[in-house]
Amino acid sequence: QEVRQNLKLQAGLHWAHGSPQGRLGPRYRFSRDLADGWGMRVEQYFAWFTDEGWVARTRLDVERPLGDALFLRFTPGLTWSQDQEGLGYRLQASVFQPISARRALLWEGNTHFSSETSGQLDEANLRVRYRQRIWRDWLTLEVSPQAAWYEDRDFDTVLGIYIGIEGIFGWLK
């Protein structure tokens, strides 16, 4: 059983509420193969966000191939944020479906809870993420329509779409 681990420094920039927001912090990953085609990965991430302050995220991925073309992943996770009361936790189920060498779909269901609200469901969503490498191996386009249900909106259906471009820059292998 092969064990893999790495440590990276991550930086990023995104726009929220009409202004740029930055982040910077280390991420540690540990992964290993399990029995019967299953694998697991543990990730710990600490970061400083210009709009949130310090954030710590812990997640566990348990995954396996489904036949020749699909890939299944379950992800429980915990989040602590300096600007929020309590601890956030979530459970995500995903199925990855490659379309070609440069394009893929990700079918995703998420549930979000908060210890501040005694563990009640804060949000649930269903999302289809379409990703395509648009230039070389480091620039990717993502389009993700979703339906979401929020506790603070009485679980009425809220439709949305995310459109983003992601670039990966690095010089060390």
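Reader: How many helices and how many strands does the secondary structure of the protein come to?

Author: Happy to start there, with the reminder that this is a predicted model. From the N terminus on, each element in the run is a β element: β-β-β-β-β-β-β-β-β-β. The count for the protein is therefore 0 helices and 10 strands.

Reader: How does the radius of gyration of the protein stand against the globule rule?

Author: The C-alpha trace spans about 40 × 35 × 35 Å along its principal axes. For 173 residues the globule rule gives 16 Å, and the protein comes close to that, so it is as compact as a globular protein of that length. The radius of gyration itself is 17 Å.

Reader: What share of the residues counts as buried?

Author: Let me put the surface beside it. The accessible surface comes to about 11,600 Å², and carbon and sulfur atoms account for 58% of that. A residue is buried when its relative accessible area is under 20%. Of the 173 residues, the share that counts as buried is 23%.

Reader: How far apart do the centres of the positive and negative side chains lie?

Author: Good one for anyone thinking about charges. The protein has 21 positive and 22 negative side chains. The distance between the centres of the two sets is 11 Å.

Reader: Is T75 buried or exposed, and which residue does its side chain join in a polar contact?

Author: T75 is found in strand β5. Its relative accessibility is 0%, so T75 counts as buried. Leaving out residues up to four places away in sequence, T75 touches R59, L60, D61, R90, L91 and Q92. The side-chain polar contact of T75, at 2.7 Å, is with D61.

Reader: S81 lies in strand β5 too; which residue shares a polar contact with its side chain?

Author: Strand β5 covers residues 70–81, and S81 lies in it. With a relative accessible area of 3%, S81 is buried. Apart from its neighbours within four places in sequence, S81 is in contact with E52, W54 and V55. The polar contact, 2.7 Å from side chain to side chain, is with D83.

Reader: Where does D154 lie, and what is its phi near?

Author: D154 lies in the loop between β9 (139–150) and β10 (157–167). Its relative accessible area is 65%, so D154 is exposed. Most residues other than glycine have a negative phi. D154 departs from that sign, with a positive phi near 55°.

Reader: What about F155: is it buried or partly exposed, and what is its phi near?

Author: F155 also has its place in the loop between β9 and β10. Its relative accessible area is 35%, so F155 is partly exposed. As a residue other than glycine with a positive phi, F155 has a value near 60°.

Reader: How far apart in space are V158 and L9, C-alpha to C-alpha?

Author: V158 is found in strand β10. Not counting residues up to four places away in sequence, V158 touches Q146, A147, A148, Y150 and R153. L9 is 149 residues from V158 in sequence. In space, C-alpha to C-alpha, the two are apart by 35 Å.

Reader: Last one: among contacts between residues at least 6 apart in sequence, what share joins residues at least 24 apart?

Author: Contact here means heavy atoms within 4.5 Å. Taking the contacts in the protein between residues at least 6 apart, the share that joins residues at least 24 apart is 32%.

Notes: Residues numbered from 1 in each chain as written. Predicted model: local features only at pLDDT ≥ 70, side-chain atom pairs only at ≥ 80, totals over all residues. Heavy atoms only, no water. Helix = DSSP H or I, 4+ residues; strand = E, 2+ residues; numbered from the N terminus. Rg over C-alpha atoms; globule rule 2.2 N^0.38 Å. Buried < 20%, exposed > 50% of the residue type's maximum accessible area, 1.4 Å probe, protein only. Areas by Shrake-Rupley, 256 points an atom, 1.4 Å probe, with all protein chains shown as cover. Lys, Arg positive; Asp, Glu negative; His and termini not counted. Charge placed at Lys NZ, Arg CZ, Asp CG, Glu CD. Polar contact = N/O pair within 3.5 Å; in protein donor to acceptor, adjacent residues only side chain to side chain.
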